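Reader: I'd like a close look at one part of this protein, the salt bridges. Could you walk me through them, one pair at a time, and then set them against the rest of the fold?

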Amino acid sequence: MDIISLLLIFIALEFFESTWQKSDTLYGFVNNNFTFFKKNIFIYFILHLSFFYTIFLFFYFNNFGFWMSSIFILKFIDICLKLSIMKKLSKGMSIEEIIPMNINMSPVFRYFNIVVYPLTFLFAIKLI
């Protein structure tokens, strides 16, 4: 598969993730995640397709260097943090106890991952 196709798939998956989690506020973002988490944890994991795609790219390019590993680690930490919040919400804690401040999320912040992760991928495969 050529690199342009792999890059476009990565961008599409990042856009998909940003879209299903989309909200104007941080509390809305967490509630969108919690809605899918309550339905089924496996569906919740499947919705993080770019994490699994990153693992695929690891092995496809046989690249375990700094840039590729940083994508994987950031995505792993992101999912772990979200799961920690979902677990606390499942135990009955209010969102205000977990996250004390509701932050407005601009479209730039919301879709920042569509630029950062594919760009980091290009660094990882030494195209930039």
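**The salt bridges, pair by pair**

Author: Let's start with Arg110 and Asp24, which form a salt bridge whose closest N and O atoms are 3.2 Å apart. Arg110 sits in helix 7 (residues 107-110) and Asp24 in the loop between helix 1 and helix 2 (26-39), so this pair ties together parts that are 86 residues apart in sequence. The two partners have their own surroundings: Arg110 counts as buried, with 13% relative accessibility, whereas Asp24 counts as exposed, at 56%. Bear in mind that this is a predicted model, so treat these distances as computed from it.

That pair is one of three salt bridges in the structure. Another joins Lys75 to Glu14, and here the closest N and O atoms are 2.5 Å apart. Lys75 belongs to helix 5 and Glu14 to helix 1 (residues 3-20), so the bridge links parts that are 61 residues apart in sequence. How buried or exposed are the two ends? Lys75 is buried, with a relative accessible area of 5%, and Glu14 is buried as well, at 0%.

Then there's Asp78 with Lys82, whose closest N and O atoms lie 3.2 Å apart. This one stays inside helix 5: the two residues are four apart, which means about one helical turn separates them. Asp78 is partly exposed, with a relative accessible area of 30%, while Lys82 is buried, at 7%.

Now for the setting. The protein has eight helices and zero strands, and 41% of its 128 residues count as buried. Contacts between residues 24 or more positions apart make up 77% of those with a separation of 6 or more. As for charge overall, the 10 positive and 7 negative charges have mean positions 5 Å apart.

Helix 5 turns up again on the surface. A nonpolar patch there is formed by Phe66, Trp67, Val115, Leu119, Phe123, Leu127 and Ile128, with about 700 Å² of accessible area together. Helix 5 (66-90) and helix 8 (113-124) are the elements that give two or more residues to the patch, and helix 8 supplies the largest share, three residues. Trp67, one of the patch residues, is in helix 5 and counts as partly exposed, at 38% relative accessibility. Over the protein as a whole, about 7700 Å² is exposed, and carbon and sulfur atoms supply 73% of that.

Technical notes. Residues are numbered from 1 along each chain as its sequence is written. This is a predicted model: local features need pLDDT of at least 70, side-chain atom pairs count only at pLDDT 80 or more; totals for chains, interfaces and linings use all residues. Side-chain values use heavy atoms; hydrogens and water are left out. Buried means under 20% relative accessible area, exposed over 50%, partly exposed in between (1.4 Å probe, protein chains only). Contact means heavy atoms within 4.5 Å. Accessible areas come from the Shrake-Rupley method with a 1.4 Å probe; for residues, only the protein chains shown count as cover. Lys and Arg count as positive and Asp and Glu as negative; His and the chain ends are not counted. The place of a charge is taken as NZ of Lys, CZ of Arg, CG of Asp or CD of Glu. Patches are made of residues with over 30% relative accessible area and no salt bridge: like charges are joined within 9 Å, nonpolar side chains (Val, Leu, Ile, Met, Phe, Trp, Tyr) within 5 Å. A salt bridge is a side-chain nitrogen of Lys or Arg within 4 Å of a carboxyl oxygen of Asp or Glu.
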